[in-house]
Amino acid sequence: MSTTANETGDAASLLAGGGFVCDHAGMVFPAAYAATPILLNLVEHGQRPRIKDAALGLLFDALCALPPAGHNRVDTAHGTNVPLCCAIARRIRSRRAVLRAHGRYGRQLIAEAELHWRLTIEETELQLDGTLTAIAVLEGTPLPPPAEAELHVPPFMQPAVTVRIDALTADSSGAACIQLTQTPSGIIPGSTLYPAECGLREH
Ligand SMILES: [Zn+2]
């Protein structure tokens, strides 16, 4: 029993100096993004069920708790100022097979992560009526449009602006066609879209 407690303690201490979530306040900190792959590894390779379960619980907290105001974004390899929840969700989605093998809670975590969808624009075409049609790659599962989204344009130096997705069609491979209104000029291939509400999640 003490061994399990120690291992769980070690796992917790790995989490970016201890304490990336504050349970009492229901808060999550940006360090949770760095801790996510560590937790996913514990779910996959943890020696004991209790450790796997503890890691899964912490992943739920990391994804679902609110960050403190002003600390709700992280820089990632695929863009800066990404909403923290969406950055964590993307790492979780990349390990679907591991989580599916972990039963009902693993599948629930995948379902939760799918809601933090992401679109990467590949090609755009301005229509005569001023709307923009784009071919994009979809990850995750958006609610039916219209949907407010925040637009990130490479090299991601400018703050994200809000646009509206009026139509979205996607196949199971993630190939998508979207229609946007209120689109600023300068939107280029490689631009990304995230749920606008995710950028507003904070205490
Ligand atoms: Zn999100």
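A residue is buried if 20 or more other C-beta atoms lie within 10 Å of its own, exposed if 12 or fewer, and partly exposed in between. The exercises below apply this to a predicted model.

**Exercise 1. Find how many residues of helix 4 are buried, and name them.**

Step 1. Locate the helix. Helix 4 spans residues 84-93.

Step 2. Apply the cut-off. Nine of the 10 residues in helix 4 are buried, so the helix is mostly covered by the rule of 20 or more neighbours.

Step 3. Name them. They are Leu84, Cys85, Cys86, Ala87, Ile88, Ala89, Arg90, Arg91 and Ile92.

Step 4. Set this against the whole chain. The protein has 203 residues, and 35% of them count as buried. Its secondary structure comprises six helices and 10 strands.

**Exercise 2. Find which residues touch the most other members of the largest nonpolar core, and where that core lies.**

Step 1. Start from a general tendency. In soluble globular proteins, nonpolar side chains tend to be buried together.

Step 2. Look at the core itself. The largest nonpolar core holds 49 residues. Leu59, Ala62 and Ile88 touch the most other members.

Step 3. Place the core. Both domain 1 (2-114) and domain 2 (118-195) contribute residues, so the core lies between them.

Step 4. Link back to helix 4. Ile88 is among the buried residues of that helix.

**Exercise 3. Describe how helix 3 packs against helix 2 and against helix 6.**

Step 1. Choose the quantities. Two packed helices are described by the angle between their axes and the distance between the axes.

Step 2. Take helix 2 (residues 31-45) with helix 3. Their axes come within 9 Å and cross at roughly 150°. Helix 2 and helix 3 are therefore roughly antiparallel. Their crossing is left-handed.

Step 3. List the contacts of this pair. Helix 2 contributes Ala32, Ala35, Thr36, Leu39, Leu42 and Val43. Helix 3 answers with Ile51, Lys52, Ala55, Leu56, Leu58, Leu59 and Ala62.

Step 4. Take helix 3 (residues 49-64) with helix 6 (residues 103-114). Here the axes come within 11 Å and cross at roughly 15°. That makes helix 3 roughly parallel to helix 6. This crossing is left-handed too.

Step 5. List the contacts again. From helix 3 come Leu56, Leu59, Phe60, Leu63 and Cys64. They meet Tyr105, Gly106, Leu109, Glu112 and Ala113 of helix 6.

**Exercise 4. Locate the cis peptide bonds and the positive phi values described for prolines 146 and 155, asparagine 81 and phenylalanine 156.**

Step 1. Recall the usual case. Most residues other than glycine have a negative phi, and most peptide bonds are trans.

Step 2. Take the cis bonds. One joins proline 145 and proline 146, with omega about 5°. Proline 146 sits in the loop between strand 6 (132-139) and strand 7 (147-152). Another joins proline 154 and proline 155, with omega about 0°. Proline 155 belongs to the loop between strand 7 and strand 8 (161-170).

Step 3. Take the phi values. Asparagine 81 has a positive phi of about 60°. This residue is part of strand 4 (residues 79-83). Phenylalanine 156 has a positive phi near 60°. It is in the loop between strand 7 and strand 8.

Step 4. Judge exposure. Asparagine 81 has 18 other C-beta atoms within 10 Å, so it is partly exposed. Phenylalanine 156 also has 18 and is likewise partly exposed.

**Exercise 5. Is glycine 79 buried or exposed? Is glutamate 123 buried or exposed? Find what each one touches.**

Step 1. Place glycine 79. It lies in strand 4. It counts as buried because it has 22 C-beta neighbours inside 10 Å.

Step 2. Find its contacts. Beyond four places in sequence, glycine 79 touches His152, Phe156 and Thr192. Glycine 79 and phenylalanine 156 are 77 residues apart in sequence, yet their C-alpha atoms are 6.3 Å apart.

Step 3. Place glutamate 123. It is in strand 5 (residues 118-126). With 11 other C-beta atoms within 10 Å, glutamate 123 is exposed.

Step 4. Find its contacts. Beyond four places in sequence, glutamate 123 touches Ala134, Ile135 and Pro189. The C-alpha atoms of glutamate 123 and isoleucine 135 are 5.2 Å apart, with their positions 12 residues apart along the chain.

Step 5. Widen the view. Among contacts with a separation of 6 or more, 61% join residues 24 or more positions apart.

Technical notes
Residues numbered from 1 in each chain as written. Predicted model: local features only at pLDDT ≥ 70, side-chain atom pairs only at ≥ 80, totals over all residues. Core = buried A, V, L, I, M, F, W, Y, C linked by C-beta atoms within 7 Å. Domains from an automatic or database assignment. Axes fitted to C-alpha atoms, helices over the stretch in contact; angles between N-to-C directions. Helix = DSSP H or I, 4+ residues; strand = E, 2+ residues; numbered from the N terminus. Parallel < 35°, antiparallel > 145°, perpendicular 65-115°, else oblique. Left-handed = near helix turned anticlockwise from the far one by under 90°. Contact = placed C-beta atoms within 7 Å.
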